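Let's take a friendly walk through this model, from the place where its chains meet to a pair of helices that pack together. Please have the 3D view open as you read.

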Amino acid sequence: MILAIAEPSVPASDAATMEAVSCAVQISAIRSSTVILASAGKDFEEFRNAEGVRLPCDVVLIEGQSLAHYNAEGYAAAITGLIDHLNPTEIVIAGTSRGGDLAPYLAMRISAAYISVVTGVRGEGGSPVYTRPCWHGKMEMDVVSRRERTVVSVQPGAFSAAPLVGDERFHVERFPVSVALTATEPEGTLAVSQGDDTGLANAEVIVSAGRGIGNRENLSLLMELASLFPRSALGASRPVCDYGWLPYGRQVGQTGRRVSPRLYIACGISGSMQHLAGMRSSAHIVAVNNDRDAPIFRHAHAGVVEDCATFIRVFLDLVKERENGKATQSEEI
Amino acid sequence: MKILVCIDRVCDGEAPFTVEGDGRTIRPADQAAWRMNRYDEFAMEEALQLKERGIAAGIDAVSVGTDATTVALRKALEMGAHDAVLIRTGEVHLTPAMKAHLIAAMAADVRYDLILAGMTSEQGLNAAVGPMIAALLKIPHATAVLKMDLEDDCRRVRVQRELDAETRECFRLSLPAVVAVQSGINRPRYPSLSNVLRARDQEIRIINASDLAGAAPDQEIVAVRKPRAGTGFMEIQGSTVEKAEGLYAWLHERSLL
């Protein structure tokens, strides 16, 4: 059987959990096997009462102390207990912050193969072949496991969050475990402020800066570009914030703000998975980058292969010329 | 306390590359530049700050790979690592589990108090080696760490890990522990001239992978390829001015400008 692991400490219907289930269902079809969704530290009633939760599989609730808050030590021990009991061939975990913390650790504990950031799966001779990104996200590769057991982490957004064959009448079973934490003391979560409202949430047009703009000084060009559009805001990729060129409040991405403006102009942004997760749903995406192989072009609607700063200077001059032209025309009329 | 920093070598992301005839090996152009993985610079910086606060007595940097990997270790020495260790392998594809087994085997002999790593490799994108080392050494770990403080006479480390833009998750971990740091936890320094000169002549210790308890590959690459482009993409071509005109027209047609 295939074991999917629910995202810890979030509602039962969480998208990351459902995406992991979708991937597990695809693997089970290849293996002619079944799926069980395991959820640690969640209470029974939440799953029963979660309205509209449809699952193509039964649920096992792993119950025990030390599971109230996510922690790798306790979760891995508890899930290992269930794995010994159910003997799954694949364990599928969402590639979220917590899932990415747990999955490789669990894989080593149970001597399984670890295949991460999986974006697709297909069958070959009754075994799964996984697709995942590689080489800076510019290429992808197909990999097969060389172990009897495999832990798979799933790229957020790659699989459907709505498994179609679901049923509301899934069976829920309890699996009590006894886990004592010896080296980890969870202290709960902490809210952090990212500073001022940067206008990203309500902007119709976002001009975003990546490492490829070359230096901090070139940000003024991007600001000038943004000023051509009403209701615009300046965004950034994570490295630009890491360099201190812009504050983290302007970071767009999985670990930053998620935006979907009418127009997103990515300047010198290569398009890491991290960044794409935060802006992929924008209505129109324009990318300017000097690297033709940059992943951002695969998600853009229009692209220009050019040095960013050079191109924006030329573009700004052109716009000025056109506007002056218009002004002259209207005077003549 | 003694710190180990795990360093990876990556190829410059913009260097040209080809896929070899076997259809599963990516070969960068000969002139491609190799360097330290950017995420590992943050791990090095965190270790150096502990040294400067008088907390860390020794900092070792370790990397797994061929002799060419020394370029990343040299950078670690330039930044201020005391010693550098290369676990030397042949020219083979190393999965994160294979690297973790070798580093864990090497670290088990030395008994480090703290093992630091970058969150992920820019090139391989696995984010796995740190937690794997922790599992193999049976010690705690945290990934995506944006803040860490040692307390209780360096018996524990208090960490904040990144959940999303507005939430962090806090733990106290007993040492020894593995901490994989997220980019932005600090500002990695540029090596000083004196450190660069010192590093130039410093010997990098070599351990042959075959002398350590390694692991067989846990997975096999069967194909690599360029991902399919999205539908509805248009590249605007021509001279720079023509491209600017093309983009202007594209935006106009869609009433975006």
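What follows covers the chain interface, the salt bridges and one helix pair.

Keep in mind that this is a predicted model.

We can begin where chain A and chain B touch. The contact draws 87 residues from chain B and 84 residues from chain A. About 7,700 Å² of area is buried between the two chains, and carbon and sulfur atoms give 56% of that.

Charged pairs come next. Over all chains, the whole structure holds 39 salt bridges, and 15 salt bridges are found across the interface of chain B and chain A. Two examples are worth locating in your viewer:

| Salt bridge | N to O distance |
|---|---|
| Glu306(A) and Lys243(B) | 3.1 Å |
| Arg174(A) and Glu63(A) | 2.9 Å |

Arg174(A) sits in strand 10 (residues 172-176) of chain A and Glu63(A) in strand 3 (residues 58-63) of chain A, so this pair ties together parts that are 111 residues apart in sequence.

Now turn to chain B and its helix 3 (residues 96-110) and helix 4 (residues 129-137), whose axes come within 8 Å and cross at roughly 50°. That angle makes helix 3 of chain B oblique to helix 4 of chain B, and the crossing is right-handed. Helix 3 of chain B contributes residues including Pro96(B), Lys99(B), His101(B) and Ile103(B), while helix 4 of chain B offers Val129(B), Met132(B), Ile133(B), Leu136(B) and Leu137(B). By class, the residues of this helix contact are twelve nonpolar, one polar and one charged.

Terms used. Residues are numbered from 1 along each chain as its sequence is written. Chains are lettered from A and ligands numbered from 1 in the order in which they are written. This is a predicted model: local features need pLDDT of at least 70, side-chain atom pairs count only at pLDDT 80 or more; totals for chains, interfaces and linings use all residues. Side-chain values use heavy atoms; hydrogens and water are left out. Axes are lines fitted to C-alpha atoms, for helices over the stretch in contact, and angles run from 0 to 180 degrees between N-to-C directions. Helices (H or I, at least four residues) and strands (E, at least two) are DSSP runs, numbered from the N terminus. Angles under 35 degrees count as roughly parallel, over 145 as roughly antiparallel, 65 to 115 as roughly perpendicular and the rest as oblique. A crossing is left-handed if the near helix is turned anticlockwise from the far one by less than a right angle, and right-handed if clockwise. Contact means heavy atoms within 4.5 Å. Ala, Val, Leu, Ile, Met, Phe, Trp, Tyr, Cys and Pro count as nonpolar, Asp, Glu, Lys and Arg as charged, and the others, Gly among them, as polar. Buried area is the accessible area (1.4 Å probe) that two parts lose on being put together, summed over both. A salt bridge is a side-chain nitrogen of Lys or Arg within 4 Å of a carboxyl oxygen of Asp or Glu.
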